[in-house]
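Here is a short report on one protein model. Look at the fold as you read, and find each part as it is named.

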Amino acid sequence: MLAKFLSTTAVVLAASQLVAGQTHTDCDPTKKKCPDDTAFGSTVSVDFSKGASDLFKPADGTKLTYDSNGAVFTINKETDAPTITSTKYIFFGKIDVQVQAAPGTGVVTSFVLQSDDLDEIDWEWLGGDKAQVQTNYFGKGDTTTYDRGAYHPVSNPQDNVYTYSIDWTKDYVRWYINGNQVRELKYADAKGGTRFPQTPMQIKLGTWVAGRSDAPEGTVQWAGGKTDFSQAPFIAHYKSITINDYSNGVKGAEKYVWADGSDGSYQSIKVVTGDGSSDDTSSSSSSSTATSTATKSTGSSSATKTSESSKTTLATSTVSSTASASVSSSSSSASEPTSPSGTNGTASPSSSGSAPVAETSAPGTNGAFKAGFSGAALGACLLAAFML
């Protein structure tokens, strides 16, 4: 298992080398008028073993291949960062991804939901860590606190395919491994809901190199060390994805429209349906002609159309520190291993292999940062240095 602590020297080096945040959005609707977000509006499944899907757009420089194990994300050199982004959005929903993470010290595999105003929900795997996976979240790109990350036991994710899920509603975010809940974030626990992820999100799948030769020392230590490219290629397989867009309870969703001057709350976003009606009253109807407010409970629906997707390369990472406080937003029920049926025991991967997966309460970790270098990581490093 990778060490979860940074030395004082590494922390200081990381803090001195990190630059301003590079988290990116093409257009932030809380700051100006932006194009509407095209809705998935239904449940769709993609089997990447059958080839590329037009529901995902590759980032510049991304070249994927496809085989019986799914989409093949290959890293041969430190500047490689193959990434695909969905062409549509979900407005609350459930995502199930079958993935075999890339091996290799310093190599990161990421499954991320991200909105136009930088709400975010993450899964991340480190190539050299064969014992755990990380989860994280952000609201409005806020990196002023560093207690959102969590670790969860999973055996040999680089050698086995597991199903990792995010179930996201207006009330909570839940993370699952092979159907076992490992974490929960409640609305009120994210700064009273002000930093709860709640705006329409795209889905990003990718791999990248944190153990680059030019990476800050703190980043390299978090990633487990420098990446040895004599062992390349480093390959991740995304086998399949199922996307259930709850559309905030509205059937027939076609697009999500942000109100002018939106405060980034889910209530400020209208759901427009295929017949042109919009979700803009307090009714609880969820029919395809519904004109109810965005305060409804979640549910699935249907939709078409395409949207602009982010051109940024996925590069999400987490810096650990010696902070010992538990993450207030993570709830995982127990530290005992759990079977897929929810009873104590061991779980099997969702496809190849026979590795167990355990459920655990999340230990305290610090914030994630984009493109490897951001204010979140800087703050995390400074916090760690202070606590050492």
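The report covers a sheet, a hairpin, the nonpolar cores and a disulfide.

**The sheet**

This is a predicted model. Seven strands build an open sheet. Their order across the sheet is 3-6-15-8-9-10-11. The pairing is antiparallel. Strand 3 (56-58) and strand 11 (150-153) are the edge strands, and each of them pairs on one side only. From one strand to the next, the twist averages 20 degrees.

Now look at one edge. Strand 11 pairs there with strand 10, which covers residues 132-138. Four bridges link strand 10 and strand 11, in the antiparallel sense. In one of the pairs, Gln134 has Tyr151 of strand 11 as its bridge partner. A general point helps when you view any such strand: in a regular strand, side chains alternate between the two faces of the sheet.

**The hairpin**

Next, find strand 13 (residues 172-177) and strand 14 (residues 180-186). The two run antiparallel and are joined by six bridges. Together they form a hairpin, with two residues between the strands. Asn178 sits in the turn and has a positive phi of about 50 degrees. Ile177 has Asn180 of strand 14 as its bridge partner. Strand 14 is mostly covered, since five of its seven residues are buried.

Here are the two antiparallel pairs side by side.

| Strand pair | Bridges | One bridge pair |
|---|---|---|
| Strand 10 and strand 11 | four bridges | Gln134 and Tyr151 |
| Strand 13 and strand 14 | six bridges | Ile177 and Asn180 |

**The cores**

Which residues touch the most other members of the largest nonpolar core? They are Phe111, Trp123, Ile203, Leu205 and Ile241, and the core has 58 residues. Strand 16 (residues 234-245) gives this core its largest share, five residues. Another core lies apart from it and has eight residues. Among them are Val108, Tyr151, Ala210 and Ala223. Tyr151 has come up before: it is the bridge partner of Gln134.

**The disulfide**

How many disulfides does a search of the whole structure find? The search finds one. Cys27 and Cys34 form this link, and their sulfur atoms are 1.9 Å apart. Are Cys27 and Cys34 buried or exposed? Both Cys27 and Cys34 are buried. The angle about the S-S bond is -85 degrees, and the link of Cys27 and Cys34 is left-handed.

Technical notes. Residues are numbered from 1 along each chain as its sequence is written. This is a predicted model: local features need pLDDT of at least 70, side-chain atom pairs count only at pLDDT 80 or more; totals for chains, interfaces and linings use all residues. Side-chain values use heavy atoms; hydrogens and water are left out. Two strands pair if DSSP finds at least two bridges between them. Axes are lines fitted to C-alpha atoms, for helices over the stretch in contact, and angles run from 0 to 180 degrees between N-to-C directions. A disulfide is a pair of cysteine sulfur atoms within 2.5 Å. Buried means under 20% relative accessible area, exposed over 50%, partly exposed in between (1.4 Å probe, protein chains only). A nonpolar core is a set of buried Ala, Val, Leu, Ile, Met, Phe, Trp, Tyr and Cys residues joined through side-chain atoms within 4.5 Å.
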